[in-house]
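Colleague: I would like a close look at a single part of this chain. Please take the strands and their pairing, and set them in the context of the whole.

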Amino acid sequence: MIYISVKTLGTLARGLRVVEAVAEHQPIGLTELSRVLDEDKSALQRTLATLHDAGWIRPLSDSPPRWEVSTKPLIVAGRALAASPLPVRARTLLGSLRDATGETAHLAILDGSTITVVDVAEGKQIVRTTLQVGQVHPAEASAAGRAICALLTPDDRAGFAADPAALLTDDAYTEIRTRGWSLCEGAVQPGSTSIAAAITDSTGSPVGAVIVSGPDTRLTPDRYAEIGALVRDVATELRGAR
């Protein structure tokens, strides 16, 4: 983590917290937002007015109004991802991986201790695993989290996970690291199986993961090695992209 030794702006930090809280609880009114954030109503009202004026949130027609996030965060995120080499390089590969496996393929990026879905190539079958851009993978239980954790030291894993007690054994992570892919059988979404491989930078540190997910009735144990090799190859091709 990089620390910048300058004084931060409390008002900006409050505004960002408000946007996050509105997104999580929308639509939400001033009184409820004040309770959620444990903030003074008058200060929050000014923050809401500022965010509305800047186009980050919008009011519903209620009286008093309830608030929801506008499309501006999506526009900003879309522009950022479009200019980022990793999602750009991964887009075509995800489609090819989806076509080769018949299942949903997606890209997740590691940001601090958060593993976030940034792009999805949905499977074309009627019954399929669906994911949303912005969805967060748990480090301990998800295939993406397990693939990334396999490249961390035991101490770093413990600091990375929300629940260190739920981490796999060191031997299990060694196995994942050796074969190049990880597995999650229903631990995150019942009835769904996922296979993932970590994407690394030029130094070998994990920066994200590529994942294939599908119903456990189709993504069965006899397919694990085949799909694992495909996922591993895509992750290898994306090595060094940021």
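Modeller: Buried here means under 20% relative accessible area. By that cut-off, 42% of the 242 residues of the chain count as buried. Keep in mind that this is a predicted model.

Some context comes next. The chain has nine helices and nine strands. Its C-alpha trace spans about 60 × 45 × 35 Å along the principal axes. The chain exposes about 13300 Å², and carbon and sulfur atoms supply 54% of that area. Among contacts with a separation of 6 or more, 51% are between residues 24 or more positions apart.

Now to strand E3, residues 66-69. In a regular strand the side chains alternate between the two faces of the sheet. E3 shows such alternation: Trp67 and Val69 point to one face and are buried. Arg66 and Glu68 point to the other face and are not buried.

E3 has partners. Strand E1, residues 28-29, pairs with E3 in the antiparallel sense over two bridges. Within that pairing, Ile28 has Trp67 as its bridge partner. Trp67 is one of the buried residues of E3.

Strand E2, residues 57-59, also pairs with E3 in the antiparallel sense, here over three bridges. Arg58 stands opposite Glu68. Glu68 is on the face of E3 whose side chains are not buried. E2 and E3 form a hairpin, with six residues between them.

There is another hairpin along the chain. Strand E7, residues 182-185, and strand E8, residues 192-200, run antiparallel and are joined by four bridges. Glu185 of E7 stands opposite Thr193 of E8. Six residues lie between these two strands. In this hairpin, Gly186 takes a positive phi near 75°.

The helices deserve a word too. Two packed helices are described by the angle between their axes and the distance between the axes. Helix H1, residues 10-25, and helix H3, residues 41-54, pack at an angle of about 80°, with axes 10 Å apart. That angle makes H1 roughly perpendicular to H3. H1 brings Arg14, Gly15, Val18 and Val19 to the contact. H3 brings Leu44, Thr47, Leu48 and Leu51. By class, the contact has five nonpolar, two polar and one charged residues.

Conventions: Residues numbered from 1 in each chain as written. Predicted model: local features only at pLDDT ≥ 70, side-chain atom pairs only at ≥ 80, totals over all residues. Heavy atoms only, no water. Axes fitted to C-alpha atoms, helices over the stretch in contact; angles between N-to-C directions. Parallel < 35°, antiparallel > 145°, perpendicular 65-115°, else oblique. Contact = heavy atoms within 4.5 Å. Nonpolar A, V, L, I, M, F, W, Y, C, P; charged D, E, K, R; others polar. Buried < 20%, exposed > 50% of the residue type's maximum accessible area, 1.4 Å probe, protein only. Areas by Shrake-Rupley, 256 points an atom, 1.4 Å probe, with all protein chains shown as cover. Pairing = 2+ DSSP bridges.
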